[in-house]
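Student: I'm new to this one. Could you walk me through it, please?

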Amino acid sequence: MSTIRALVVDDSRVMRNMVMNALKMSRLATFEFTEASDGADALTKFDPTKIDMCFVDWNMPNMNGVEFVKRARAGGTAFHIPMVMVTSEQTMAKIEEALNQAGADSYICKPFTPDDMKVKLEKYVNKVLSSKAPADKQGGFFSGLLS
């Protein structure tokens with residue numbers, strides 16, 4: 001199984017650990033984590049060729065999570081990377097801002113469980129894993145005829 005390289009962005013080390021542990025416990029995939037303490041730190045660690053998914057808190061010093069998502073998307077090379085807000089912001093206005101204005105793909109409210117992660121993230125994880133599958137494993141038009 002392929003490994004998903006995830007960037008976890010939160011100013012709280014405890015919360016970064018909670019996100020990483022919940023992702024592991026969800027058993028959606030094998031994850032390899034890069035951590036960032038705020039949006040500015042995340043931008044220095046974000047490389048669309050080396051990161052498969054981002055999990056981003058909203059409220060952080062230096063640069064908040066919504067601004068990080070906007071800047072990461074602004075380069076035009078990161079639209080294929082799922083950006084997931086993991087935050088205590090729960091108002092509909094904040095959710096709409098993150099999803100519609102900033103370009104986040106999904107939104108998980110704190111507190112969360114591994115099952116919450118699984119339900120919210122399964123389609124994004126599957127999309128990432130299928131994009132990482134070798135071309136000969138994906139099958140083409142005739143792949144089903146010869147097996």
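Student: In which sense do β3 and strand β4 (residues 83–87) pair?

Tutor: Strands here are DSSP runs of E with at least two residues, and helices are runs of H or I with at least four, numbered from the N terminus. Two strands pair if DSSP finds at least two bridges between them. For β3 and β4 there are three bridges, and the sense is parallel.

Student: What is the handedness of the crossover from β3 through α3 to β4?

Tutor: Let's first note that this is a predicted model, where local features need pLDDT of at least 70, side-chain atom pairs count only at pLDDT 80 or more, and totals for chains, interfaces and linings use all residues. Residues are numbered from 1 along each chain as its sequence is written, and side-chain values use heavy atoms, leaving out hydrogens and water. With the strands pointing away from the viewer, a path from the first strand over the helix to the second that runs clockwise is called right-handed. This β-α-β crossover is right-handed.

Student: Which residue of β3 does V8 stand opposite?

Tutor: Happily, β3 has another parallel partner: strand β1 (residues 3–9), over four bridges. V8 stands opposite F55.

Student: Is D57 buried or exposed?

Tutor: D57 lies in the loop between β3 (53–56) and α3 (65–74). Buried means under 20% relative accessible area, exposed over 50%, and partly exposed in between, using a 1.4 Å probe and protein chains only. At 5%, D57 is buried.
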